[in-house]
Structure formats: C-alpha cells, structure tokens
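Reader: Please take one part of this model and go through it closely. I would like the confidence dealt with before the geometry.

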Amino acid sequence: MAFQPTPTDISVIITTPGAAAGPEPRFLTERRVTPTWTVLQLKSKLETMTGVPPSSQRLLLKAPGRPDQWVDGDDSIIGSWGLMKGCEIEVHDIRPQMARPNFSDLSSVEKYVLPEATYESLSNSVLAWKKNQKLGRFDPNTLSPEESMRKQAEKDNSEIQSKGIAVSKRAIILPSSPPHIRRGTIRFVGPVPTIPFPGVDAASDDIANSAPLPIWVGIELDEPTGKNDGSVSGRRYFTCPNKTGVFIKPDKVQVGDFPPLDLDDDLDDEMEEI
C-alpha cells in the first residue's frame with residue numbers, strides 16, 4: 001500500500017455576519033482546518049466557536065480572487081471547495097431570530113449573592129480590613145446614626161438662632177458670588193423626614209417621636225433654579241411654582257435685605273457688561 005501523506009492544515013478566518021447597520025462581523029477568529037474533513041465535521045467544530053448548531057449553519061466560503069460560494073452538502077469534503085490560505089468562512093445562522101438564544105440579555109440570569117455570614121467570615125475582605133483598622137462603624141469613637149442625627153439637629157437649631165432664620169425673611173444661598181446669586185423668600189423652617197439621614201429612617205414614627213430631627217430651610221427662589229415645588233417625595237411642606245423650591249441646610253443660608261430680582265435689575269446688569 002502506497003504511503004499517503006497527511007494533508008496539511010490550512011489557516012482559515014472564521015466569522016459570523018454582523019448587524020445590518022454595519023459591515024463589521026459580530027465574531028472573528030482564526031483556526032486551522034484539515035482539508036479532508038467533511039463539511040459536517042467542520043460544522044461540528046464551528047459550533048463550539050459560534051454557538052450555532054450544525055443543522056442551523058450555512059457556510060459562505062470567501063477565497064481571494066474568486067467569487068463567494070455557498071458550501072452545500074454535509075458529506076462533501078471541505079478541501080474540494082478550493083480551500084486555501086487566506087480564505088474566510090462566514091457562518092450564517094438560518095434559525096428565525098426568535099429561536100436564537102440571546103446571550104447578551106442577562107435579565108433572566110440568576111445572580112449569585114454571597115451570603116452575609118460568609119462575607120463576614122472572610123479574612124481578606126474590605127470588611128475585615130475595616131475591622132482591623134477600626135474604621136467606620138468599627139471605630140469605638142464613632143457616633144451611632146441616632147446620635148449623629150441628634151448632634152445635627154442641635155447644630156441646625158444653633159445656626160437658626162444665631163442667623164435669625166425665620167419664615168417670610170429674604171435670604172440667599174451660600175456660597176454665592178455675582179452674577180450667580182440665588183435669592184428668595186424663606187417659606188419653611190423645620191424637620192423634613194422625607195429627606196433621608198444616613199443610617200436612620202427619619203420618616204418612621206418611632207424616630208420622629210423619640211429624637212429631634214435635623215432642620216431644613218425651605219426657600220422659594222426668585223428664579224426657576226430650584227428642584228421642586230415645596231414638596232419632597234410626595235409630602236408637601238410649602239407651596240411654590242415648580243422648579244423654584246429648594247431645601248437648604250441652615251449653615252448654607254444667609255438672611256438679609258435681598259430685594260427680589262426684577263426686569264430692571266437684569267437690564268442694569270446688561271448695561272454694566274456693555
């Protein structure tokens with residue numbers, strides 16, 4: 001029996017067609033193909049690369065200097081189709097779009113969540129590092145959220161008393177510098193439970209009845225540069241046109257003789273800039 005040399009593998013580019021909006025392929029790689037493989041054998045190997053089952057593949061062979069041709073007949077030898085170096089085999093999925101799996105949609109994939117007890121037992125986690133360094137809630141000198149809220153309420157009350165902050169007074173928001181000075185009229189001074197405080201549910205009845213809450217100053221601005229209409233999370237504290245209401249901490253408020261802006265003020269500013 002005469003010696004039959006082993007056929008030399010040929011390096012081929014494997015692609016899948018890209019989206020209709022652009023010429024770039026969705027998938028591109030290179031692999032060596034043995035010319036004596038049948039088309040079905042090649043499709044079986046391409047399934048591991050493209051995810052397309054052999055029965056749903058249709059191969060388009062692109063060879064330099066020759067017209068593109070569809071490779072038909074699963075029992076035919078791939079080398080008989082003129083396979084050569086520099087060829088490209090484009091793998092088409094003939095399944096309907098709805099029948100193809102969408103591997104980019106992760107909405108239905110169950111996410112793994114590390115149990116809290118397991119995380120706390122790890123020695124190389126950020127939590128373990130904070131424990132060792134006594135940072136955050138592991139600092140023995142750190143105030144509890146409730147104590148921090150009480151301290152904030154005391155500071156707010158002190159600011160209100162020292163600055164003379166009261167409803168109906170005119171005020172500006174700090175920091176302010178011309179020409180960007182936000183001014184308006186104070187419409188509310190008091191707790192705003194719907195604004196969250198770190199670590200505390202200020203809206204709960206237990207907290208509201210057992211501890212003083214931080215104080216906020218509600219201001220109706222002269223211009224629509226605010227964030228609300230005097231309400232926060234569905235609860236109203238004062239009423240003003242939309243985008244003219246804002247809630248500010250007392251230390252950022254300065255009361256004084258700040259008359260409302262009008263058209264004459266804008267004209268004067270424009271004349272000064274000319």
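Author: Residues 267–274 have pLDDT under 50 throughout, and the model has 0 contacts for them beyond four places in sequence. This is a predicted model, and its protein chain averages a pLDDT of 85, with 86% of the residues scoring at least 70.

The part chosen here is the open sheet, which has 5 strands in the order 11-8-7-6-12 with antiparallel pairing. Strand 11 (245–248) and strand 12 (253–255) are its edge strands, each pairing on one side only. From one strand to the next, the twist averages 45°. Helix 4 (residues 145–163) packs on this sheet and touches strand 7 (183–191), strand 8 (215–221) and strand 12. The direction of helix 4 makes about 50° with that of strand 8.

At the strand 12 edge, strand 6 (residues 170–173) runs antiparallel to strand 12, and 3 bridges join the two. Ile 173 has Val 253 in strand 12 as its bridge partner. A cis peptide bond is found between Leu 174 and Pro 175, with omega about -10°. Pro 175 belongs to the loop between strand 6 and strand 7.

The loop between helix 4 and strand 6 contains Ser 168. This residue is not a glycine, yet its phi is positive, at about 85°. Ser 168 has a relative accessible area of 53%, so it counts as exposed, the cut-off being over 50%.

Lys 134, also not a glycine, has a positive phi of about 55°. Lys 134 sits in the loop between helix 3 (126–133) and helix 4.

Key. Residues are numbered from 1 along each chain as its sequence is written. This is a predicted model: local features need pLDDT of at least 70, side-chain atom pairs count only at pLDDT 80 or more; totals for chains, interfaces and linings use all residues. Side-chain values use heavy atoms; hydrogens and water are left out. Two strands pair if DSSP finds at least two bridges between them. Helices (H or I, at least four residues) and strands (E, at least two) are DSSP runs, numbered from the N terminus. Axes are lines fitted to C-alpha atoms, for helices over the stretch in contact, and angles run from 0 to 180 degrees between N-to-C directions. Contact means heavy atoms within 4.5 Å. pLDDT is the predictor's confidence in each residue, from 0 to 100. Buried means under 20% relative accessible area, exposed over 50%, partly exposed in between (1.4 Å probe, protein chains only).
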